[in-house]
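Trainee: I would like to go through this model by asking about particular residues. Can we take them one by one?

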Amino acid sequence: MERLPGFRDFYPEPLPPTKDELWSMDARNHVFSAWRSVARRYGFREYDGPPLEPLELYTNKSGEEIVGQLFNFEDKGGRLVALRPEMTPTLARMAAAHEHAYKKPLKWFSVPQLFRYEKQQKGRKREHFQFNADIVGESDPAADAELIALLIDSLRALGLGEQDFVVRLSSRGAWQQFVERRAIPPEKAYGFFQIVDKLERERPAVTTQKLAELGVTLAELESFISSGEPTPELRAILDNLAARGLAAFVRLDYRVIRGLAYYTGPVFEAFDIKGEFRAIAGGGRYDQLLKQVSGGKVDLPALGFGMGDVVLTELLKSRGLIPRFTAGLRAYVLIEDETLRRESLAVVQRLRDAGVAVDYPLTPTKSDKQFKRALELAAASTVRLERGDDGTVQSRVKDLTTRTEWIVGRDEVLACLKAEAV
Ligand code: HAM
């Protein structure tokens, strides 16, 4: 039985050599823990919601593209439901439902698995994990800068630097002014934004034709993009990031507009500098979404970003920034004398109780196989109980890197491992 196309299996390392595309569970945890630790460093709190939501949460709010990619069905109770394709509508629903209970601004993050029925292509899967960080209840551009700084630092925490990625900053607001100046009818504004969003991926002839229907030329569009004049809001964000010493990571770029329907203000996307990969992350302000989702009951400004694990892991791999992972064992207890199995189990348990990662052979096994297993598991040391000439049980603790060996009493193994670790 094969797994479904676009879905991934995550295996522990070392990954078996195979043509099949396998993903590393260790690398995934490595990325997740960087996300979580940087989010906490910025004072963000973790939340989660259900992976299945009412279909209605996405229709009209997220935009056609994402709605066309939903995994949706009717459940046994006749409800129209969808696997979450993104976290933002869930966050908006959750924040609106209990905003009174929390001091503003809310600074929340999550690492959900998301599902989109995408066309098979590089960097796109039918499921991915996405680090989401959002701020609710703050309209000042200081919040946009705080989020962009968090995005930058999440990538820096994984070893990427200004030579690897850039955040391209833009503004839906600036494009909205363009729409008004060009008298594009309001109901066609989102269609126009989608043309801009696809500018870098679409053939110029197709873009020209689509723009002509709105009375705009490609030259006008390009001239607006190359003018690159920051709006006052964007200038405040850039100044704030410069004060943090992060200016080199951001660039004003009006080619970015974002595909999702709900964005209202500054928007941004992070890309690898060489342009080899799709966007690493994207986000922006969506000041109307809470109002929409709550049926007008809660009106709070909000903004955030999502960073997927797929492109990021590929980028980290290409830069040699994914470490090698092992079971992280401090010791492997060899049981060469089966008459000492009970005593060995007691040592294993004592070490584990002390928080030391330990493994041992579950059943009688040849000595050389046990030692090989200790090496394969990359244990730092082996521990072996043996009976001395006088019948007392002693322990041999061996450092597998230096091959130094100590003979200590049965109750001194923990102290010996600790001393060795210093
Ligand atoms: P998005 O641009 O659709 O934004 O996704 C954000 C990131 O998730 C992308 O840059 C990409 O790295 C990753 N991603 C998206 N779809 C896939 C896929 N099919 N396979 C692999 N990776 C993918 C959002 O989802 C917004 N809700 C982000 C946000 C949060 N805006 C405000 N708050």
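Trainee: Which residue does Arg-201 meet in a salt bridge, and is that partner buried or exposed?
Mentor: This is a predicted model. In it, the side chains of Arg-201 and Asp-197 meet in a salt bridge, at 3.5 Å from N to O. Arg-201 is exposed, with a relative accessible area of 51%. The cut-off for buried is under 20%, and Asp-197 has 13% relative accessibility, so Asp-197 counts as buried.

Trainee: With which residue does Glu-200 form a salt bridge, and how many residues apart are the two?
Mentor: The partner of Glu-200 is Arg-255, and their closest N and O atoms are 3.7 Å apart. Glu-200 sits in the loop between helix 6 (189–197) and helix 7 (204–212), while Arg-255 sits in the loop between strand 11 (250–252) and strand 12 (266–272). The pair therefore links distant parts of the chain, 55 residues apart.

Trainee: Are Glu-200 and Arg-255 buried, exposed or partly exposed?
Mentor: Partly exposed covers what lies between under 20% and over 50% relative accessible area. Glu-200 has 47% and Arg-255 has 33%. Each value falls in that range, so Glu-200 is partly exposed and Arg-255 counts as partly exposed.

Trainee: How many salt bridges does the structure hold, and what is the N to O distance in the one between Asp-144 and Arg-285?
Mentor: The structure holds 34 salt bridges. One of them joins Asp-144 to Arg-285. The closest N and O atoms of that pair are 3.0 Å apart.

Trainee: Where in the chain are Asp-144 and Arg-285, and are they buried or exposed?
Mentor: Asp-144 is in helix 4 (residues 141–157) and Arg-285 is in strand 13 (residues 281–285), 141 residues apart. The relative accessible area of Asp-144 is 1%, and Arg-285 has 1% relative accessibility. Asp-144 is therefore buried, and Arg-285 also counts as buried.

Trainee: Which residues are linked with Arg-384 in a network of salt bridges?
Mentor: Arg-384 is also in contact with Ser-395, a residue of strand 18 (residues 393–399). Ser-395 counts as buried because its relative accessibility is 0%. In the salt-bridge network, Arg-384 is linked with Glu-336, Glu-386, Arg-396 and Glu-405.

Trainee: What end-to-end distance should helix 12 span?
Mentor: Helix 12 (residues 341–353) has 13 residues, counted at 1.5 Å a residue. Its end C-alpha atoms are 18 Å apart, which agrees with the expected span of 18 Å.

Trainee: Why are the buried residues of helix 12 on the same side, and which residues are exposed on the other side?
Mentor: Arg-341, Ser-344, Val-347, Val-348 and Leu-351 are buried in helix 12. They cover an arc of only 115° around the axis, which puts them on the same side of helix 12. An α-helix has 3.6 residues a turn, so residues three or four places apart point the same way. The exposed residues on the other side of helix 12 are Arg-342 and Asp-353.

Trainee: Which residues come nearest to the ligand, and which have a backbone atom by a ligand oxygen?
Mentor: Of the 26 residues around the ligand, Glu-86, Thr-88, Lys-125, Asp-134 and Tyr-263 come nearest. An oxygen atom of the ligand is 3.0 Å from a polar backbone atom of Ala-279, and one is 3.1 Å from a polar backbone atom of Ile-280. At 3.5 Å from a ligand oxygen atom lies a backbone N or O atom of Gly-308.

Terms used:
Residues numbered from 1 in each chain as written. Predicted model: local features only at pLDDT ≥ 70, side-chain atom pairs only at ≥ 80, totals over all residues. Heavy atoms only, no water. Helix = DSSP H or I, 4+ residues; strand = E, 2+ residues; numbered from the N terminus. Buried < 20%, exposed > 50% of the residue type's maximum accessible area, 1.4 Å probe, protein only. Contact = heavy atoms within 4.5 Å. Salt bridge = Lys/Arg side-chain N within 4 Å of Asp/Glu carboxyl O. Expected span 1.5 Å × (residues − 1). Arc of directions from axis to C-beta. Near = heavy atom within 4 Å. Polar contact = N/O pair within 3.5 Å; in protein donor to acceptor, adjacent residues only side chain to side chain.
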